[in-house]
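This briefing concerns a predicted model. It turns to strand pairing within one chain and then to the contact between the chains.

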2 protein chains.
Amino acid sequence: MTPFASSSPQLYAVIMAGGQGTRFWPRSRRRRPKQLLNILGAQTMIEQTVARISPLIPPERIVVVAGEAHRDQLLAALSHLPVENFLFEPVGRNTAACVTWAALWLRRRAPEAVMAVLPADHVMRDEAEFRQILATAAAVAQTANRLVTIGIQPTHPETGYGYIRVGADRLQVEGRDVFRVERFVEKPSRDKAEQFVAERRYLWNSGMFIWRVDSILHEIQRYLPQLASELQPVGTAQAADQQAAIIADVYPRLEATSIDVGVMERAQDVWVVPGSFGWSDVGSWRAISELLPADSQGNVVVGAHRGLETSDCLIYSPNKLVATIGLANLVVIETDDVLLICPKTRDQDVRKLVELLEREGREEVL
Amino acid sequence: MTPFASSSPQLYAVIMAGGQGTRFWPRSRRRRPKQLLNILGAQTMIEQTVARISPLIPPERIVVVAGEAHRDQLLAALSHLPVENFLFEPVGRNTAACVTWAALWLRRRAPEAVMAVLPADHVMRDEAEFRQILATAAAVAQTANRLVTIGIQPTHPETGYGYIRVGADRLQVEGRDVFRVERFVEKPSRDKAEQFVAERRYLWNSGMFIWRVDSILHEIQRYLPQLASELQPVGTAQAADQQAAIIADVYPRLEATSIDVGVMERAQDVWVVPGSFGWSDVGSWRAISELLPADSQGNVVVGAHRGLETSDCLIYSPNKLVATIGLANLVVIETDDVLLICPKTRDQDVRKLVELLEREGREEVL
């Protein structure tokens, strides 16, 4: 028996759903970011995320941290979770603030808990294997002060992910190798990525973290003392409305730091569980096109498409026939009020385009 | 005074409006072909065509030959023309049939008339100059048996037009050189086109013809005797409904031949008036993009567009923001139910795409 079988009371999930997902514009909008889109499959990504962990973690132990603006949509989409398990941020302040608030909230309920911090908008092909890895990570994290992350075995020299270099220290937990993290590496150049994959000592940084509530609060206290002290009153306030008032007051002035940079890259006792479960952070339109089935010409089509000499395109147009001639590797996204066209190689620049529209005050399409 | 000043009673216009314009799909549809689109400017192309000649030819001398399917739209668009001046074909049978019917119709009304056969869907930048050329051509055509065409001075080695090689015979009419046609040449290769332009003995074939009613009927009798004899009864039938019955009976079995191939390329007494008046047959999306004003990046936009590194595109999207990254020389046409994307260099293949949809029975988008 693993210490984190499905009946285990100590494992909580904290789903981080605060992202804006501007790279999925024009499908993602301020009012409906990526995690609230059914971009892969019938459910929204956050519903898929909750469903994926449900065999391991029951609803009452799933916590969602998200933007106040998405309150109604989230409560509707995840109506089987307790209302009090939603922590709505008045403004986004990156993941360190989000993790700190969730950890303080959990400490009052289950001070011995292990919390798994999971992005709301990733996909995994082999969900059972993912849950096994998550349970192993939780077992590793039961030792005080350990911070644990899940590292993905690279399948190709991806330049869109950060990497983790594994160290020499190794544990055997539940029949799996678990490594001490030597260091985190930013998104590499193509050359670097190829070198990493060849060296076999690097894993992709999945952005999933597992730790005891007291471990992470201890590390936040150490590396982000100002954040810890600003949010401290939330941990002691009794009434829910009192907590909400503190958050409304404190949150806007918190430093926006990621938990990766703020804590993980500086902490000493960091471990990684390697996993291979068909993971993707679904970070761009190109990633989508690699996750959905393609036709014989390599085109991924949602909607109707007829083409002459058209190959390897991603075409999303649920309401309109898309007719193309002589195109390759293009992304075409048609929504009610916006049409986006760009080469797959430029899909990261969708963000720049959104920034341009922001500067121009085109609120109606943001 | 020219013999065809604006008060001249003998000059009639026959506007050929039977085309389908599939190259402007998805804007052009079976129910609304190119000549019924306001593709350049506020008016439809056929309204522009009528307005352009109106200073020279009054409404009662303008005849429109078109498809039965477009009756209501044409009568509404051209409500200032007499209803009896519309000749509606039950099926399209190319231009020789259309010209023959119109000539027979005219012979009953004005046997001495000169008729100018004009496509409904061309544009001319200098309309006054065009009318001058047309009047000159009508003067040339007053001599019995002459068939006259307007040839456009080439501005570049266009491969999308047919050419006319001018002969040595020359007339001086109203201060203009008018040449005997040596021969008509099909759309040339790029090399040929360059040679034609360099030789300076070639003009573009505009598809506009001017002749006396008796001249063209004589030539049709000679070169297309079967067509002439099949349509002969229309010329003698008295009542309008009697004529309509004959057309309904005869038209479907007529040979579909162009007046160019059927008569012009074979006739002996053919003359061309050279003209330079900013003419285009508006034959493709690329042609449209060359006729409309472009922004600083060379993009021609109808609707709203925001782009990063986007140049020389034609973007038609009246109802939706088009956002692009890293595109060049692309045609993007957005309608209520279809989105077309193709490189400008492939715009002639829109026809193939429409044929594909026809084979698939996609009636709703044709």
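**Strand pairing and chain contact**

Strand 1 (residues 11-17) of chain A runs parallel to strand 4 of chain A, and six bridges join the two. Strand 4 of chain A spans residues 114-119. Chain A also meets chain B, with 28 residues from chain A and 28 residues from chain B taking part in the contact.

**Strand 4 of chain A**

- Within the pairing with strand 1, A:Tyr12 is placed opposite A:Met115 of strand 4 of chain A.
- Strand 4 of chain A is also joined by four bridges to strand 9 (residues 202-212) of chain A, and these two strands run antiparallel.
- A:Arg212 in strand 9 of chain A is the bridge partner of A:Val114.
- Strand 4 of chain A is mostly covered, with six of its six residues buried.
- A:Val114, A:Ala116 and A:Leu118 point one way from the strand, while A:Met115, A:Val117 and A:Pro119 point the other way; all are buried.

**Relation of the copies**

- A turn of 180 degrees with a shift of 0.1 Å along the axis lays chain A on chain B with an RMSD of 0.1 Å.
- The two copies are therefore related as by a two-fold rotation axis.
- The copies meet through the same surface, because 100% of the interface residues of chain A are also interface residues in chain B.

**Contact between chains A and B**

- The contact takes 28 residues from each of chain A and chain B.
- Strand 13 of chain A gives the largest share of the side of chain A that touches chain B, nine residues.
- The residues of that side of chain A comprise 18 nonpolar, three polar and seven charged.
- Strand 15 of chain A pairs in the parallel sense with strand 13 (residues 314-328) of chain B over four bridges.
- A:Ile341 stands opposite B:Thr324, which lies in strand 13 of chain B.

Notes
Residues numbered from 1 in each chain as written. Chains lettered and ligands numbered in written order. Predicted model: local features only at pLDDT ≥ 70, side-chain atom pairs only at ≥ 80, totals over all residues. Buried ≥ 20, exposed ≤ 12 C-beta atoms within 10 Å, placed from the backbone. Pairing = 2+ DSSP bridges. Least-squares fit on C-alpha atoms with pLDDT ≥ 70 in both. Contact = placed C-beta atoms within 7 Å. Nonpolar A, V, L, I, M, F, W, Y, C, P; charged D, E, K, R; others polar.
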